[in-house]
Amino acid sequence: MRVGGDVAHPRDDDGTITILVIFFALIVAALLTVVVDVSTVFLAKRELQAVADGAAAAAAQNADLRNFYATPVGADLPLSPGDVSEFVSGYATTEARVPHECSTAPQTVSAVPDGETVMVELTCTVPLPFVRLVSQLWSDGVTIHVFAQARSVVTPAN
């Protein structure tokens, strides 16, 4: 074909659109992977925090009745460290309360430093759905930690 008296040459940019589409598809896939993995960890942490808050609040209401009736009642309910640890552990590891993103049941650490405050620390490992397929570094998942505390307070009746 002649255009303006010169022979038209084939264009040298054949296939560039295909390369751009593949490049952008890889970027979209990478972003989608990161968003899904970060969302998984965020949701697991939020669910685990709710479990820790519930365990702390429920354990703070679990008064040591022997101490309660043996000593005068102050502003706080007396708590038994052994009972609270057992209660928190049972509460946090109940299958219905364990976040489904966690690969194992949460490990609990609870303490009652002054006999009136319950502090709960839960730890859980969340496997990453996509990143672990690509990177050996994250193959075990991400470990998340949450903390909660509650104090047992007595409100006198009027």
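What is the handedness of the link of cysteine 102 and cysteine 124? With -135 degrees about the S-S bond, this link is left-handed. The structure is a predicted model, and the report below begins with its overall arrangement before returning to this bond.

## Overall arrangement

The chain has 158 residues, and 28% of them count as buried. Its secondary structure consists of 4 helices and 5 strands. From start to end of the sequence, these elements follow the order β-β-α-α-α-β-β-α-β.

## The disulfide

By the rule applied here, the model contains 1 disulfide. The bond joins cysteine 102 to cysteine 124, with a distance of 1.8 Å from S to S. Cysteine 102 belongs to the loop between helix H3 (81–92) and strand S3 (107–111), whereas cysteine 124 belongs to strand S4 (residues 117–126), so the bond ties together parts that are 22 residues apart in sequence.

Are the two cysteines buried or exposed? Both cysteine 102 and cysteine 124 are buried.

## A buried glutamate in the loop

Glutamate 101 is located in the loop between H3 and S3, and the same loop holds cysteine 102. Although glutamate 101 is buried, this residue has no salt bridge. A salt bridge requires a side-chain nitrogen of Lys or Arg within 4 Å of a carboxyl oxygen of Asp or Glu; for glutamate 101, the nearest side chain of opposite charge is that of arginine 46, 9.2 Å away.

Which side chain, then, makes a polar contact with the side chain of glutamate 101? The partner is histidine 100, and the contact spans 3.2 Å between the two side chains.

## Aromatic rings and a charge

The structure contains 2 aromatic pairs. In general, such a pair of rings is described by two quantities, the distance of the centres and the angle of the planes.

A ring also takes part in an arrangement with a charged group. The charged end of arginine 97 sits over the ring of tyrosine 91, at 3.7 Å from the ring centre. Tyrosine 91 falls within the range of helix H3 (81–92).

## Histidine 145 in strand S5

Strand S5 covers residues 142–151 and includes histidine 145. This histidine is partly exposed, because its relative accessible area is 39%, and partly exposed denotes values between 20% and 50%.

Histidine 145 and threonine 123 are 22 residues apart in sequence, yet their C-alpha atoms are 4.6 Å apart in space. Threonine 123 falls within the range of strand S4 (residues 117–126), the strand in which cysteine 124 of the disulfide lies.

Key: Residues are numbered from 1 along each chain as its sequence is written. This is a predicted model: local features need pLDDT of at least 70, side-chain atom pairs count only at pLDDT 80 or more; totals for chains, interfaces and linings use all residues. Side-chain values use heavy atoms; hydrogens and water are left out. Rings of Phe, Tyr and Trp (its six-membered ring) pair if their centres lie within 6.5 Å; planes under 30 degrees apart count as stacked, over 60 as edge-to-face and the rest as tilted. A charge sits over a ring if NZ of Lys or CZ of Arg is within 6 Å of the ring centre and within 35 degrees of the ring normal. A disulfide is a pair of cysteine sulfur atoms within 2.5 Å. Helices (H or I, at least four residues) and strands (E, at least two) are DSSP runs, numbered from the N terminus. Buried means under 20% relative accessible area, exposed over 50%, partly exposed in between (1.4 Å probe, protein chains only). Lys and Arg count as positive and Asp and Glu as negative; His and the chain ends are not counted. A polar contact is a pair of N or O atoms within 3.5 Å; within protein, one must be able to donate a hydrogen and the other to accept it, and residues adjacent in sequence count only if both atoms are side-chain atoms.
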